[in-house]
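Hi there,

Here is the structure I promised to pass on to you. Have a look at it first, and then read my notes below.

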Amino acid sequence: MEFREATKRLRVMLPLMWPVSIRRVKMDDWGDCSFVRESKRGPHFIIRVSNELTEPAQFMVLLHEWAHALSWGSDTHHIR
């Protein structure tokens with residue numbers, strides 16, 4: 001499955017509590033997930049995935065970071 005197609009399917013099948021921006025960028029790590037409380041866009045997630053990984057690896061990292069975003073707002077993460 002293509003990376004872009006995977007992001008479209010995740011948005012439909014496993015929607016997040018807030019909008020998400022997904023970026024493939026050059027970075028030292030494989031990926032990360034952050035939550036921005038205050039911005040002009042309002043609250044939203046940013047998921048970054050290393051563009052130096054193979055596409056299958058990028059997909060796996062995307063799934064991992066998406067799981068972090070899903071957990072925000074659960075009992076373990078309190079966002080106000």
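**What I found**

The protein chain has two helices and three strands. Keep in mind that this is a predicted model. If you walk along the protein chain from the N terminus, the elements come in the order α-β-β-β-α.

Let's start with the overall build. The protein chain has 80 residues and a radius of gyration of 13 Å, which agrees with the value near 12 Å that a compact globule with 80 residues would have. Along its principal axes, the C-alpha trace spans about 35 × 30 × 25 Å. How much of the protein chain counts as buried? The answer is 34% of the 80 residues. The accessible surface of the protein chain is about 5600 Å², and carbon and sulfur atoms hold 54% of that.

Contacts are worth a look too. Take the contacts in the protein chain with a separation of 6 or more: 58% of them are between residues 24 or more positions apart.

Now for the charges. The protein chain carries 12 positive and 10 negative charges, and the mean positions of these two sets are 8 Å apart. How many salt bridges are there? The count comes to three, and here they are one by one.

- **Glu5 and Arg9.** Their side chains meet in a salt bridge, with 3.1 Å from N to O. Both residues belong to helix H1 and are four residues apart, so about one helical turn separates them. Glu5 is partly exposed, with a relative accessible area of 33%, and Arg9 also counts as partly exposed, at 42% relative accessibility.

- **Glu52 and Lys26.** In this salt bridge the closest N and O atoms are 3.4 Å apart. Glu52 sits in the loop between strand E3 (44-50) and H2, while Lys26 sits in the loop between strand E1 (20-25) and strand E2 (31-36), so the pair ties together parts that are 26 residues apart in sequence. Both Glu52 and Lys26 are exposed.

- **Arg48 and Asp32.** These two side chains form a salt bridge at 2.6 Å, N to O. Arg48 is in strand E3 and Asp32 is in strand E2, 16 residues apart, and the pair links distant parts of the chain. Arg48 counts as partly exposed at 29% relative accessibility, and so does Asp32 at 24%.

Next, a charged residue without a partner. Glu65 has its place in helix H2 (residues 55-71). Is Glu65 buried or exposed? Glu65 is buried, yet it has no salt bridge. Which side chain of opposite charge is nearest to Glu65? That is Arg48, 9.0 Å away. A salt bridge needs the nitrogen and oxygen within 4 Å, so Arg48 at 9.0 Å does not make one with Glu65. Leaving out residues up to four places away in sequence, Glu65 touches Gly31, Asp32, Cys33 and Ile47. You have met Asp32 already, as the salt-bridge partner of Arg48.

One last residue to find on your screen is Thr7, in helix H1 (residues 3-13). Why does Thr7 count as buried? Its relative accessible area is 10%, and buried means under 20%. Again leaving out residues up to four places away in sequence, Thr7 touches Ile22 and Leu62.

Have fun clicking through it!

Cheers

Definitions and conventions: Residues are numbered from 1 along each chain as its sequence is written. This is a predicted model: local features need pLDDT of at least 70, side-chain atom pairs count only at pLDDT 80 or more; totals for chains, interfaces and linings use all residues. Side-chain values use heavy atoms; hydrogens and water are left out. Buried means under 20% relative accessible area, exposed over 50%, partly exposed in between (1.4 Å probe, protein chains only). Lys and Arg count as positive and Asp and Glu as negative; His and the chain ends are not counted. Contact means heavy atoms within 4.5 Å. The radius of gyration is taken over C-alpha atoms; the globule rule is 2.2 Å times the number of residues to the power 0.38. Accessible areas come from the Shrake-Rupley method with a 1.4 Å probe; for residues, only the protein chains shown count as cover. The place of a charge is taken as NZ of Lys, CZ of Arg, CG of Asp or CD of Glu.
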